[in-house]
Amino acid sequence: MRLHRNLSFAVIDGLMLIFNEGQYADKVIQQLLKRDKRWGARDRAFVAETTYDIVRWKRLYAEIAEVKEPFDRDNIWRMFAVWATLKGIKLPDWSYFENTPTRKIKGKFDELSKIRKYRESIPDWMDELGEKELGAELWTKEISALNQQADVILRVNTLQTTKEKLQAELFDLDIETEFLANHPDALKLKERANVFQTEAFKNGHFEVQDASSQLVAEFLNVEPGMRVVDTCAGAGGKTLHIATLMQNKGQVIALDIYGNKLNELKRRAKRNGVFNVETRAIESTKVIKKLYDKADRVLIDAPCSGLGVLRRNPDAKWKLQPEFIENIKKTQQEILQQYARIVKSGGQLVYATCSILPSENQDQVSEFLKSEIGKDFTFMKDEKVLSHKSGFDGFYMALIQKK
């Protein structure tokens, strides 16, 4: 592989914004990919994947390159040289790469790979927390899996097409997919491709949604004709799946504190041909109180640390702080206490997170069930999805029923 100057410069510019200005990697990469209309698919893939790679391994590469934050441009070029050397890419004779100690880089990599926090490139506090909550053996396997690049998984919109038809439609565009066991509506791409440009996407035949995330709506046991409330709907990936499982019959009320996310959900619903979803922004507690004892099913896809989705959000390793996790746990319990009141007698609630930490998952459900409101509920079942076992995102979901 040869390094091209304009592509390498794009990566360096992107990393400066992500590491020094705290910008989100996915947003930065979206901007970078608009930089040059002449770039082909391989050029764009190089920019996106190299940027994500260096973000993912920031601590390890910085340690090998002997640079410290805040990084200046030269520091980032040194990290880029480490990345290229470890990938076996011959460094071109550019001034940035003068005196790059190739043999020393490989030796340092071998040495640091013996220490988990460097090998997996994570902050000390995250390494300590993971080991404390999951145990050393499980955490070692899980954090390794969370550092792998995520596959692209589609959720087939069965209101518009079938899995077989969509697979054939994409195959005609040279996009090969495979079915996934235990994920009835999922197709996994064999190779990464820009599926958002396809007619199938524009016609609402699928959404991009990780396989683990697709389990949540199934877990909720929805049926056509029910009234279902998705309390933290966001842009509505799970809301749309719920509506599809209900065959557009009944009512799905999508709540969120962010109105702009609900606007995105409306756009997606229109494209998907989903018309049984009603959005309501939570501007005050009145919105929630009006729904008390009214829903057959309630989904709480709670805000969380996001440690289960590091594969697709590697910059979260550097943005996340231990105080945030402590605060979000309080929020999770408050949300459970308040939103559980929406479930009517005999109805069911699913509490879900994209975290792998028991303190955000099983412990929150246990604490809720011991509370005054929780005494009216019975624990039915839960599912812990770990990345090293599933090959997909880390997730948790618990089903509880109101007496």
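Helix H8 passes helix H9 in a right-handed crossing. Keep in mind that this is a predicted model. H8 covers residues 124-134, and H9 covers residues 136-145. Their axes come within 7 Å. They cross at roughly 125 degrees. Angles from 115 to 145 degrees count as oblique, so H8 and H9 are oblique to each other.

Who touches whom? From H8 we have Met126, Asp127, Gly130, Glu131 and Leu134. From H9 we have Ala136, Leu138 and Trp139. By class, the residues of this contact divide into five nonpolar, one polar and two charged.

Next, Cys354. The UniProt entry, which is unreviewed, annotates Cys354 as "active site". Where does Cys354 sit? The answer is a loop, between strand S9, residues 343-353, and helix H18, residues 362-370. Now its contacts, setting aside neighbours within four places in sequence. Cys354 touches Cys304, Gly306, Leu307, Gly308 and Val309. Gly394 and Phe395 are also in contact with Cys354.

Last stop, Asn75. This residue lies in helix H5, which spans residues 73-86. Is Asn75 buried or exposed? The relative accessible area of Asn75 is 14%. Buried means under 20%, so Asn75 is buried. Again leaving out neighbours within four places in sequence, Asn75 is in contact with Val67, Lys68 and Pro70.

To recap: H8 and H9 cross right-handed, Cys354 is in the loop between S9 and H18, and Asn75 is buried in H5.

Methods
Residues are numbered from 1 along each chain as its sequence is written. This is a predicted model: local features need pLDDT of at least 70, side-chain atom pairs count only at pLDDT 80 or more; totals for chains, interfaces and linings use all residues. Side-chain values use heavy atoms; hydrogens and water are left out. Axes are lines fitted to C-alpha atoms, for helices over the stretch in contact, and angles run from 0 to 180 degrees between N-to-C directions. Helices (H or I, at least four residues) and strands (E, at least two) are DSSP runs, numbered from the N terminus. Angles under 35 degrees count as roughly parallel, over 145 as roughly antiparallel, 65 to 115 as roughly perpendicular and the rest as oblique. A crossing is left-handed if the near helix is turned anticlockwise from the far one by less than a right angle, and right-handed if clockwise. Contact means heavy atoms within 4.5 Å. Ala, Val, Leu, Ile, Met, Phe, Trp, Tyr, Cys and Pro count as nonpolar, Asp, Glu, Lys and Arg as charged, and the others, Gly among them, as polar. UniProt positions are given in the numbering used here, feature names are shortened, and annotations may be inferred rather than shown by experiment. Buried means under 20% relative accessible area, exposed over 50%, partly exposed in between (1.4 Å probe, protein chains only).
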